[in-house]
Amino acid sequence: VVRSANSAELPGTSVHDKGKVSHAETWPKMLRDASGQPVWSDAGDGYCEDAGTADEFSSLFSKGVALQACADAGDSDPNSIAFDFSPRDGGCDIRYPAGALAIEITGFNWFGWGAGTDNPVGRGKQKHDTETHCYKKTKAKPAVNTKRVLTTRLHPYYRALIREYAFKPVTTERNEMVNIILVRAPPGDKELQLYEKYKDELLFIGISCLEDFPLPPTNPFSPK
């Protein structure tokens with residue numbers, strides 16, 4: 001069920017098993033969260049791109065989801081700024097500005113090469129010749145709590161941070177990740193920005209390392 005501003009379902013659509021939307025003639029002007037608060041507003045036909053530069057945004061992508069499920073997934077991450085949806089295949093791209101991190105959402109894959117930074121809009125460009133529509137986030141980001149809270153719960157952006165080359169994870173004997181990141185190489189500009197942003201929420205430790213030391217190297221040409 002789509003929690004649109006106008007009705008309980010997406011107007012002009014047929015809905016099949018698992019709530020997949022097969023065709024949309026009229027898109028809701030607004031989508032809401034479970035509490036009824038407006039979250040997404042209509043930003044036009046086509047996938048979302050930067051209104052100023054026409055660059056595409058980075059994306060968390062999945063297929064086979066319903067429109068409202070896509071909206072709710074995007075709403076779960078404060079860093080997201082938009083999403084675009086293709087009803088034919090249930091294609092959901094949750095959009096992020098360049099340099100942003102995304103939380104891990106089951107069933108979604110990360111594509112972090114986007115160059116768009118702000119003001120998402122649809123300009124009629126379709127995804128793979130499939131009808132697509134863009135929504136931009138209107139819900140304000142929650143206030144930032146500047147007081148550090150110690151917790152054993154894994155940081156929501158931990159897995160996104162360790163995608164960066166300089167950052168390596170730390171795990172327990174049970175192979176569970178903990179809120180410690182090893183810095184194995186001189187960080188680049190983006191990595192330095194991420195460090196400054198999350199240094200009060202995670203423990204960063206600089207290390208010197210050679211391949212898999214202290215484990216035996218798998219590289220046959222290693223100087224050992």
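Me: Among contacts in the chain between residues at least 6 apart in sequence, what share joins residues at least 24 apart?
Reply: Happy to start there, with the note that this is a predicted model. The chain has three helices and 12 strands. Counting contacts between residues at least 6 apart in sequence, the share that joins residues at least 24 apart is 65%.

Me: Thanks! How much of the chain counts as buried?
Reply: The accessible surface of the chain comes to about 13,000 Å², and carbon and sulfur atoms hold 53% of that surface. As for residues, the chain has 224 of them, and the part that counts as buried is 39%.

Me: Is helix α1 largely enclosed or not, and how many of its residues are buried?
Reply: Helix α1 spans residues 67–75. Its buried residues are Leu-67, Gln-68, Cys-70, Ala-71, Ala-73, Gly-74 and Asp-75. The cover over them includes β1 (30–32), β2 (38–45), β5 (82–86), β6 (91–96) and β9 (133–137). The helix is therefore largely enclosed by the rest of the structure, and its buried count is seven of nine.

Me: Nice. Why do the buried residues of α3 lie on the same side of that helix?
Reply: Helix α3 covers residues 189–198, and its buried residues are Glu-191, Leu-194 and Tyr-198. They sit on the same side because the arc they cover around the axis is only 60°. In general, an α-helix has 3.6 residues a turn, so residues three or four places apart point the same way. For α3, the value that settles the question is an arc of 60°.

Me: Which exposed residues are on the face of α3 turned away from its buried side?
Reply: The buried side of α3 has cover that includes α2, β10 (167–171) and β12 (203–206). Turned away from that side is a face with two exposed residues to look for, Asp-189 and Gln-193.

Me: Let's visit helix α2. Is Tyr-158 buried or exposed?
Reply: Tyr-158 is part of helix α2, residues 158–161. Beyond its neighbours within four places in sequence, this tyrosine is in contact with Pro-169, Val-170, Met-177, Val-178, Asn-179, Ile-180, Ile-181 and Leu-202. Its relative accessible area is 0%, and under 20% counts as buried. So Tyr-158 is buried.

Me: Which residue's backbone nitrogen does the side chain of Tyr-158 reach at 3.0 Å?
Reply: Tyr-158 has several contacts to choose from, among them Pro-169, Val-170 and Leu-202. Leu-202 is 44 residues away in sequence, with a C-alpha to C-alpha separation of 8.6 Å. The backbone nitrogen that the Tyr-158 side chain reaches at 3.0 Å belongs to Val-170.

Notes:
Residues are numbered from 1 along each chain as its sequence is written. This is a predicted model: local features need pLDDT of at least 70, side-chain atom pairs count only at pLDDT 80 or more; totals for chains, interfaces and linings use all residues. Side-chain values use heavy atoms; hydrogens and water are left out. Helices (H or I, at least four residues) and strands (E, at least two) are DSSP runs, numbered from the N terminus. Buried means under 20% relative accessible area, exposed over 50%, partly exposed in between (1.4 Å probe, protein chains only). Contact means heavy atoms within 4.5 Å. A polar contact is a pair of N or O atoms within 3.5 Å; within protein, one must be able to donate a hydrogen and the other to accept it, and residues adjacent in sequence count only if both atoms are side-chain atoms. The arc is that of the directions from the helix axis to the C-beta atoms. Accessible areas come from the Shrake-Rupley method with a 1.4 Å probe; for residues, only the protein chains shown count as cover.
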